[in-house]
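Let's take a friendly walk through a protein model together. Have the sequence and the 3D view open, and follow along one piece at a time.

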Amino acid sequence: MNRNLPRVYANPINKKFNNNKEVYSSSSKEKEVIKMDNIPKKINEIFANPHHVYKSKVRIGIDSRVIEKIVVGKTNKELLMLDGSKIDIKKIDFIERI
């Protein structure tokens with residue numbers, strides 16, 4: 001089986017690339033607790049996000065500790081988590097989508 005393929009022009013590279021000399025990676029494990037003023041508004045933004053179809057992974061600050069949970073729903077007073085737990089909205093210091 002003899003196929004005659006077209007020839008391909010390969011442009012020669014005549015310069016030296018140095019775009020990967022410095023690499024910076026930051027991964028801070030320290031959790032900074034930030035008080036937010038309007039928690040219900042932030043919760044509504046998480047649920048209105050186009051990436052939230054059924055569940056969203058969130059970082060929640062409660063009583064000076066930070067937890068990561070998967071939120072699937074809400075009521076007037078509580079957030080409903082995938083593992084079946086409920087978190088009172090009044091106790092939340094901050095919330096952010098991961």
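## Starting at a turn

Begin with the hairpin of β3 and β4, which has four residues between its strands. Within this hairpin, Gly84 takes a positive phi near 95 degrees. Please keep in mind as you look that this is a predicted model.

The strands on either side of this turn, β3 and β4, run antiparallel and are joined by three bridges. One residue to find here is Leu79, whose bridge partner in β4 is Ile87.

## The whole sheet

Now zoom out. In what order do the five strands of the open sheet lie? The order is β4-β3-β2-β1-β5, and the pairing is antiparallel. At the edges you will find β4 and β5, each of which pairs on one side only. The strands are not laid out parallel to one another like planks: neighbouring strands of this sheet are turned by 45 degrees against each other on average, direction ignored.

A helix belongs to the picture too. Helix α1, residues 39-48, lies across β1, β2, β3 and β5. Its direction makes an angle of about 20 degrees with β5.

## Strand by strand

Let's move through the pairings, beginning with β2 and β3. These two strands run antiparallel with three bridges between them, and a hairpin of three residues connects them. To see the pairing for yourself, look for Gly73, which stands opposite Leu80 in β3.

Next come β1 and β2, an antiparallel pair joined by seven bridges. Ile62 has Arg65 in β2 as its bridge partner. The hairpin of β1 and β2 has two residues between the strands, and in this hairpin Asp63 takes a positive phi near 50 degrees.

On its other side, β1 pairs with β5, again in the antiparallel sense, over five bridges. Two places show this pairing: Gly61 stands opposite Phe94 in β5, and Val58 has Arg97 in β5 as its bridge partner.

## Inside and outside

In a regular strand, side chains alternate between the two faces of the sheet. Which residues of β3 point to one face and are buried? They are Leu79 and Met81. Glu78 and Leu80 point to the other face and are not buried.

Strand β1 is mostly covered, with five of its seven residues buried. Some nonpolar residues do reach the surface, though: Val53, Tyr54, Ile70 and Leu82 form a nonpolar patch there, with about 420 Å² of accessible area together. Of these, Ile70 lies in strand β2, and it counts as partly exposed because its relative accessibility is 31%, between the limits of 20% and 50%.

## Charged partners

Side chains of opposite charge can pair when their charged atoms come close. How many salt bridges does this model have? The count is three.

Two of them share a residue, Arg59. Arg59 forms a salt bridge with Glu68, where the closest N and O atoms are 3.2 Å apart. Glu96 also forms a salt bridge with Arg59, and here the closest N and O atoms are 2.8 Å apart. This second pair links distant parts of the chain: Glu96 sits in strand β5 (residues 92-97) and Arg59 in strand β1 (residues 56-62), 37 residues apart. Together, Arg59, Glu68 and Glu96 are linked in a network of salt bridges. Each member is partly exposed: Arg59 has a relative accessible area of 21%, Glu68 comes to 39%, and Glu96 has 30%.

The remaining salt bridge joins Lys69 and Asp83, with the closest N and O atoms 3.0 Å apart. This pair, too, links distant parts of the chain, 14 residues apart: Lys69 lies in strand β2 (residues 65-74), while Asp83 lies in the loop between β3 (78-81) and β4 (86-88). Are the two partners buried or exposed? Lys69 counts as partly exposed at 23% relative accessibility, whereas Asp83, at 54%, counts as exposed because its value is over 50%. With Asp83 you are back in the loop between β3 and β4, where this tour began.

Definitions and conventions:
Residues are numbered from 1 along each chain as its sequence is written. This is a predicted model: local features need pLDDT of at least 70, side-chain atom pairs count only at pLDDT 80 or more; totals for chains, interfaces and linings use all residues. Side-chain values use heavy atoms; hydrogens and water are left out. A salt bridge is a side-chain nitrogen of Lys or Arg within 4 Å of a carboxyl oxygen of Asp or Glu. Buried means under 20% relative accessible area, exposed over 50%, partly exposed in between (1.4 Å probe, protein chains only). Patches are made of residues with over 30% relative accessible area and no salt bridge: like charges are joined within 9 Å, nonpolar side chains (Val, Leu, Ile, Met, Phe, Trp, Tyr) within 5 Å. Accessible areas come from the Shrake-Rupley method with a 1.4 Å probe; for residues, only the protein chains shown count as cover. Two strands pair if DSSP finds at least two bridges between them. Axes are lines fitted to C-alpha atoms, for helices over the stretch in contact, and angles run from 0 to 180 degrees between N-to-C directions. Contact means heavy atoms within 4.5 Å.
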